[in-house]
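Trainee: Please choose one part of this protein and look at it closely with me, going slowly and then following the chain outwards from there.

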Amino acid sequence: MKNSPPFDIKDFTRSELAVICKEQKAPAFHAGQIFEWIYKKGVTDFREMSNIPKTLASYLEDKYYFSLLKTLKREKSKDLTEKFLFGLSDGSAIETVLIPEERRRTLCVSSQAGCKFACSFCASGADGFIRNLSTSEIVNQFLSVNGLLEEKVTNVVFMGVGEPLDNFENVLKAVDILRDEKGINLGKRKVVVSTCGIVPAIRRLTELHLGIRLSVSLHSADDGKRLRLMSVNKLYNTASLIRALKEYVSKEGFPVTFEYVLIKGFNTNPDDARKLSMFVRGVPYKLNLIPYNANPFFEWQTPSKREIQEFTGILREKKVFYTLRRRRGDDISAACGMLRFRAV
Ligand code: SF4
């Protein structure tokens, strides 16, 4: 009986496939053709790739397989946000969220099964960490959801379960495939990677200079408060975070986005607004304010409209520009901080 091939073809970027082609004495340009067959034409059989040499197709067939995610559940919110629960080959499950808007459809993908960081407002880290997702498991979230849609996904944000920069190599390879013109071809600016603020990883990204849009979960510019929300602040405080971000932004030449979840009576005081205005000074930024989604897992509460108005009033006085985001998908636990890595 023939053994099943050992490698998942969607774990490889086009430049890695070019190396494989060369090793097989085939020209590197076949990598682009293979990419087009997989990502543009949805072909899952190397023998159908009519413009690559038969010897290369037969080699690939022996060594590489095409993975798929199993859709375990699909739920739709009143506001049309959709949440997908996908089963992985080892029995874990991950969640992916589709956020349709007037002119774009954004897919929020997971990068890990579970999360090590256990932020105190986020359900994704509450059950601990299982493992990193492979590149193909990330790319397959896109392919699975996009394949179901008439109006295709336009943007991808790495804001699902997991800390993307803690799965650095696989996430970067997935970003490469999502942006590759011969691959999914989303375009450079349409893929956003979020982080809780892992400073050495931000520095590595600065060195690599890949033009990746970064979104940083800030949630407080006060070290004591941020530490209560996010254990990562113990390793990398707000001063080291903003230093690394300034270097990143000055190298890349586009702003960083800050996410700030507004929590009732905790990070919405006048002093918090003032500290936030000091924090963003001197760095090109976008600031998203998101009212917290109260849920049974955590003590935190949703702020009142008045509390939000007072907080944003001070930001306006300080000439801090922001967008107040409306919550999406909270009736199906698809909103910010509500995703888990298994069905509950
Ligand atoms: S906010 Fe991000 S880093 Fe923090 S626990 Fe949730 S998924 Fe992990």
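Mentor: Let us begin with A118, which is found in the loop between β7 (112-114) and β8 (129-132), where helices (H or I, at least four residues) and strands (E, at least two) are DSSP runs numbered from the N terminus. This is a predicted model, in which local features need pLDDT of at least 70 and side-chain atom pairs count only at pLDDT 80 or more, while totals for chains, interfaces and linings use all residues. Residues are numbered from 1 along each chain as its sequence is written, and side-chain values use heavy atoms, with hydrogens and water left out.

The backbone of A118 deserves a careful look, for its phi is near 45°, a positive value in a residue other than glycine. Its relative accessibility is 44%, so A118 counts as partly exposed, a class that lies between buried (under 20% relative accessible area) and exposed (over 50%), with a 1.4 Å probe and protein chains only. A118 also belongs to the set of residues that surround the ligand, together with C115, F117, C119, C122, S124, G125, G162 and C196; being near here means having a heavy atom within 4 Å.

From F117, another member of that set, we can step across to D166, whose place is in the loop between β9 (155-158) and α5. These two residues, D166 and F117, are 49 residues apart in sequence, and their C-alpha atoms are 9.7 Å apart in space. Once its neighbours within four places in sequence are left aside, D166 is in contact (heavy atoms within 4.5 Å) with F117 and also with Q112, K116, N132 and I198.

It is helpful to set N185 beside A118. N185 sits in the loop between α5 and β10 (191-195), and its phi, near 60°, is likewise positive in a residue other than glycine. With a relative accessible area of 40%, N185 is partly exposed.

The helix α2 gives us another setting. Of the 11 residues of α2 (residues 30-40), 9 are buried, so this helix is largely enclosed by the rest of the structure. Those buried residues are H30, A31, G32, Q33, I34, F35, W37, I38 and Y39, and what covers them includes α1 (14-23), α3 (54-63), α4 (135-146) and α5 (168-179). After α2 comes G42, whose phi is positive, near 70°.

The strand β13 can be read in a similar way, since 6 of its 7 residues (residues 285-291) are buried, so β13 too is largely enclosed by the rest of the structure. Strand β12 (residues 256-262) pairs with β13 in the parallel sense over 7 bridges, pairing being counted when DSSP finds at least two bridges between two strands. Within this pairing, Y260 has L289 of β13 as its bridge partner. L289 also stands opposite L324 in β14, and the pairing of β13 with strand β14 (residues 323-324) is parallel as well, over 2 bridges.

Finally, we can step back to the whole protein, whose domain assignment gives domain 1 (7-65) and domain 2 (70-332), with bounds that come from an automatic or database domain assignment. The centres of domain 1 and domain 2, taken over C-alpha atoms, are separated by 33 Å. Domain 1 gives 12 residues to the contact and domain 2 gives 15 residues.
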